[in-house]
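Me: Please take a close look at the largest cavity of this model, and at how the chains around it are related.

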Amino acid sequence: MDSLLTVNNIWMMICTGLVFFMHLGFAFLEIGLTRQKNTINILFKNLFIITMGLLLYCLLGFNLMYPGEFNGFLGFAGFGLSSPIADGSLDLAYNEGYTYWTDFLFQGMFAATAATIVSGAVAERIKLNSFFIFVVLYIGLVYPIAGSWKWGGGFLDEMGFYDFAGSTLVHSVGGWAALVAIWLLGARIGKFKDGKIGAFPGHNMPFATAGVLILWLGWFGFNGGSVLSADPELTSLTLVTTCLAAAAGGVSSFIVSSVRYKNYDITMFLNGILGGLVGITAGADQMSPTDAILIGAVAGAIIVFGVALIDRIRLDDPVGAVAVHLICGIWGTLAVGIFGNLAGVDQFVTQLIGVGCYAIVCILGSFLIFYPLKKTIGIRVSSKEETEGLDIHEHGMDAYPDFGLKQH
Amino acid sequence: MDSLLTVNNIWMMICTGLVFFMHLGFAFLEIGLTRQKNTINILFKNLFIITMGLLLYCLLGFNLMYPGEFNGFLGFAGFGLSSPIADGSLDLAYNEGYTYWTDFLFQGMFAATAATIVSGAVAERIKLNSFFIFVVLYIGLVYPIAGSWKWGGGFLDEMGFYDFAGSTLVHSVGGWAALVAIWLLGARIGKFKDGKIGAFPGHNMPFATAGVLILWLGWFGFNGGSVLSADPELTSLTLVTTCLAAAAGGVSSFIVSSVRYKNYDITMFLNGILGGLVGITAGADQMSPTDAILIGAVAGAIIVFGVALIDRIRLDDPVGAVAVHLICGIWGTLAVGIFGNLAGVDQFVTQLIGVGCYAIVCILGSFLIFYPLKKTIGIRVSSKEETEGLDIHEHGMDAYPDFGLKQH
Amino acid sequence: MDSLLTVNNIWMMICTGLVFFMHLGFAFLEIGLTRQKNTINILFKNLFIITMGLLLYCLLGFNLMYPGEFNGFLGFAGFGLSSPIADGSLDLAYNEGYTYWTDFLFQGMFAATAATIVSGAVAERIKLNSFFIFVVLYIGLVYPIAGSWKWGGGFLDEMGFYDFAGSTLVHSVGGWAALVAIWLLGARIGKFKDGKIGAFPGHNMPFATAGVLILWLGWFGFNGGSVLSADPELTSLTLVTTCLAAAAGGVSSFIVSSVRYKNYDITMFLNGILGGLVGITAGADQMSPTDAILIGAVAGAIIVFGVALIDRIRLDDPVGAVAVHLICGIWGTLAVGIFGNLAGVDQFVTQLIGVGCYAIVCILGSFLIFYPLKKTIGIRVSSKEETEGLDIHEHGMDAYPDFGLKQH
């Protein structure tokens with residue numbers, strides 16, 4: 001047995017576990033920032049995403065995303081996983097960084113993440129069945145095909161587009177779909193009324209905070225594992241840039257929002273941390289600590305203005321998913337052309353092209369899924385259901401049946 | 001220093017940490033699925049289990065379970081841990097997969113798990129002192145002795161019985177005791193009344209969901225560490241089968257229960273995931289991905305019918321522990337004879353014999369502990385205490401004193 | 001690439017992640033043990049500590065704490081991190097246990113921990129801005145300078161003072177500042193009234209329990225990583241002593257408190273576990289399992305009497321931080337001279353000297369920060385703000401806006 005393979009493979013398995021754990025982080029964040037009456041509904045969506053996401057990625061996603069030799073736009077290596085264990089042929093030389101199984105599982109955890117981002121934006125009003133159909137099609141087809149363009153060795157990879165761990169391939173891919181979805185869905189009842197923006201405070205700040213800290217921890221695996229080996233220099237540098245960008249994002253968002261709103265708003269601090277994490281993700285292995293702090297700090301400021309912008313254009317994004325994942329995802333992707341080892345005009349233009357390609361496929365893809373759904377079975381729950389809460393209507397339960405809850 | 005030992009040992013230590021973390025998962029799941037008035041009581045039980053469990057396993061469990069050469073039924077290598085650090089004799093060649101210390105701690109975390117399973121089933125009505133006595137005797141004696149039959153190289157191991165990570169040795173061992181305990185304890189007041197089954201919704205679905213996701217993460221260590229080395233092929237295959245079975249269990253339980261009950265019941269989704277995990281545990285290193293999905297899917301369906309069955313025979317299991325850990329544990333153990341590398345009639349029969357042996361020792365063992373307790377100091381709290389909540393009576397506190405709670 | 005470096009570095013990165021995760025543990029513990037009306041305020045403090053702490057440690061802390069050759073009292077290797085990635089000079093031979101980046105990040109996570117300890121003690125009444133200034137100065141200057149005396153190779157290291165993972169360098173350093181702070185701050189309104197000690201039960205026991213279990217898990221990294229390599233013997237022994245001390249601390253505190261107060265007090269169980277963990281930290285790599293159990297058991301008893309003592313001298317420490325981190329930190333440091341490989345009168349005296357040196361610098365340092373703050377911008381919120389809650393006043397939000405909360 002090759003010792004270095006074993007070592008690398010351990011690191012990749014740990015990172016896989018950490019990315020898996022991000023699903024708890026997303027779930028906590030999302031329920032924390034929304035109202036208690038829709039809590040079970042959100043948890044249910046998140047359970048569906050991680051379970052169905054893994055099954056779909058096993059059935060077809062993995063082989064769409066990493067089809068081997070292909071035309072650079074679309075390839076498919078067949079249904080199911082192809083490395084049987086019974087015939088003794090498991091190829092340990094598959095890659096010196098990990099086994100075939102580790103590769104599948106690590107990438108499978110990523111795939112589910114993209115859908116989770118959408119889940120937050122559409123929370124509190126989407127029809128569950130329609131969301132399930134979206135998840136199946138988006139994780140099953142759009143995410144892996146779009147992903148193959150870069151990580152599968154497709155045309156964007158050939159062109160020199162750089163996205164280390166997925167500011168674009170994961171976060172923007174989720175973010176674009178979130179944007180399309182909230183545009184088609186419309187705002188929650190009462191959010192924009194008489195020209196005013198209604199406040200819908202999240203129901204549980206400890207969960208929201210725990211969600212962000214769990215996500216930060218998960219990012220150790222998300223970025224650290226994207227080195228695709230345990231290379232000591234690259235993995236450890238990546239963790240440093242990741243953590244510094246998160247820290248800078250949080251502090252920057254805290255300062256900018258407290259200057260602007262004269263208030264210590266914890267949701268800004270939280271989303272600032274996430275913005276910093278999303279921002280560093282495209283180039284986490286290419287930046288110095290100072291670069292990372294700058295990228296994170298800009299991302300943190302983007303959050304404050306981005307959240308306000310989404311409100312101003314009358315889109316309703318309960319958790320700030322578009323600002324965090326789409327806007328900071330674009331920022332991080334472009335930042336690869338501005339900071340660090342790859343900085344340069346050519347690289348910046350290439351990054352811009354990459355961002356544009358993903359914008360097109362994701363907007364088209366998510367529109368082609370959500371629009372027909374809207375025109376047929378519908379994507380939005382009834383106003384009665386929305387007002388009284390999805391938990392009681394779709395799940396026949398209350399998330400906290402023993403607590404006396406305020407009506408509002 | 002041998003590099004491969006170091007590598008393997010890292011993996012085993014990480015897995016130890018993950019199995020430890022399952023105790024938070026169990027605690028969250030258990031309080032989430034029960035009423036708020038008994039929350040502290042449950043947390044207290046779980047703290048007792050992990051702390052006392054480790055001390056007991058250090059004092060005698062480890063040396064009962066792994067006694068070295070013995071008669072195959074019962075052996076004991078002496079009190080306490082035997083690898084002193086002061087005399088410079090620590091044997092790094094103890095095992096190429098881990099050191100003596102890692103071995104102890106990994107196994108110690110497992111030992112405590114078995115008792116936690118019982119804790120969920122008896123929740124909301126058991127007398128704390130009696131439960132403590134049960135824990136001491138069951139973790140201290142029954143679990144390690146029964147475990148020695150297979151993992152300690154005893155007679156079931158000789159016979160070819162296979163239980164990779166404990167569908168039987170851990171989960172059924174907990175599950176049988178849970179069954180005996182709830183039969184002796186009786187149902188909670190109001191659970192079965194006038195021929196109807198009362199609904200006792202859990203008080204906190206976010207905790208229940210977090211519990212399951214933490215348990216799933218913990219299973220990376222539970223199964224991944226049961227390879228007893230960092231062998232890249234086996235560990236990574238094991239993580240893939242584990243995760244696919246969990247995913248299939250959840251989706252299957254979700255579908256079956258929504259068809260049957262016309263309702264999206266999150267507790268079924270959650271227990272389906274756990275059922276899939278318990279089901280794959282006996283053969284996680286012997287299955288293909290397809291086998292794993294099938295095993296998980298069957299386990300998910302078993303959960304729906306199993307929970308209903310326990311209700312129908314008028315046993316009160318607040319968290320579904322018997323369906324999850326006992327029934328799916330048996331299913332997973334038998335599945336080793338049906339699917340994967342070891343499938344065959346002989347193996348199936350051997351698995352059946354193993355299941356039977358553990359049934360006998362665990363039913364007898366737990367009965368011999370609980371029955372005398374019932375006849376002497378009692379195992380059930382007073383009906384006043386049960387109605388008003390164990391937290392106030394046994395702990396003089398409320399788990400959430402600042403919240404206005406509904407009476408019921 | 002050197003395989004052993006890669007292996008060691010993986011372990012250190014994992015431990016870094018685990019120590020990071022302790023910040024969620026501290027946050028959960030602290031909000032769990034305090035009232036709901038101050039929840040956001042506490043979470044905000046904790047977010048500030050981890051983000052600003054990392055930035056400060058990057059800017060100057062790391063180079064103050066590990067200045068290389070210096071006079072033994074004070075040294076500084078310059079602002080910022082000095083290992084650039086652009087010029088190809090990253091020195092993989094920096095240390096055979098980890099890279100420069102890993103070293104920084106692991107130590108940076110420790111730095112932030114010290115301030116978190118203070119946060120718990122001053123909860124529910126400190127003015128946020130003043131606390132922020134304290135954090136900047138204490139993490140930025142006092143912690144790293146004091147730390148350099150031992151871990152940076154300073155005069156206490158030369159003298160033979162032993163503190164493996166920070167019973168003194170981290171926990172007492174936080175604990176002394178906590179003591180000074182609560183003395184200057186005064187007790188919460190109503191805590192000591194008419195000669196009686198008021199009860200302020202924490203608002204969420206599940207969070208408090210989750211916090212402790214997460215902290216215990218984090219200690220796998222805190223102590224396990226302090227080996228500074230993945231040495232299989234030392235790391236695994238360290239995990240065993242750490243877990244046994246935690247277990248013994250919890251059981252001991254449970255028994256002592258239930259004998260003394262005739263009550264199963266979960267907060268005592270929780271703080272007992274933490275006391276055991278803090279107690280073993282100074283000598284976790286030097287103890288036998290039996291030593292570890294004894295050290296933990298004594299720490300558990302200390303908690304029960306320590307918490308009562310702090311109350312009796314009319315200091316108000318909402319979470320028991322002084323008993324856990326300061327008193328058990330001192331106990332653990334002295335225990336190195338009593339138990340294990342280093343036991344002896346000379347060592348005991350050296351340990352005592354070390355404890356004294358840290359007492360002086362920390363009491364002085366925190367007084368010189370807090371006292372001027374008290375005399376200028378003030379360190380305590382208005383009584384109106386304290387009564388109504390810091391969340392509404394400083395953050396304009398409620399942590400659980402959907403729940404009907406009891407007034408008190």
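Reply: What follows treats the cavity and then the relation between the chains.

This is a predicted model, in which local features need pLDDT of at least 70 and side-chain atom pairs count only at pLDDT 80 or more, while totals for chains, interfaces and linings use all residues. Residues are numbered from 1 along each chain as its sequence is written, chains are lettered from A and ligands numbered from 1 in the order in which they are written, and side-chain values use heavy atoms, with hydrogens and water left out.

A cavity here is a set of points, on a 1 Å grid over the protein atoms alone, where a 1.4 Å probe fits but cannot get out, and its lining residues have an atom within 4 Å of a point. Seven cavities of 30 Å³ or more are counted, and the largest has a volume of about 390 Å³, the volume being the space filled by probe spheres set on the points, which are joined across faces, edges and corners. Its lining comprises 25 residues, with Ile14(A), Leu18(A), Leu18(B), Ile14(C) and Leu18(C) nearest the centre. Helix 1 (3-32) and helix 7 (205-224) of chain A, of chain B and of chain C each give two or more residues to this lining; helices are DSSP runs (H or I, at least four residues) numbered from the N terminus. By class, the lining has 22 nonpolar, three polar and no charged residues, where Ala, Val, Leu, Ile, Met, Phe, Trp, Tyr, Cys and Pro count as nonpolar, Asp, Glu, Lys and Arg as charged, and the others, Gly among them, as polar.

As for the chains, a rotation of 120° with 0.0 Å of shift along its axis superposes chain A on chain B at an RMSD of 0.0 Å, by least squares on the C-alpha atoms of residues with pLDDT of at least 70 in both. That is the relation of a three-fold axis. Of the residues of chain A, Gly404(A) comes closest to the rotation axis, its C-alpha lying at 3.1 Å.

Technical notes:
On a 1 Å grid over the protein atoms alone, a cavity is a set of points where a 1.4 Å probe fits but cannot get out, and a pocket is an open set with protein on both sides within 12 Å along at least five of seven lines; lining residues have an atom within 4 Å of a point.
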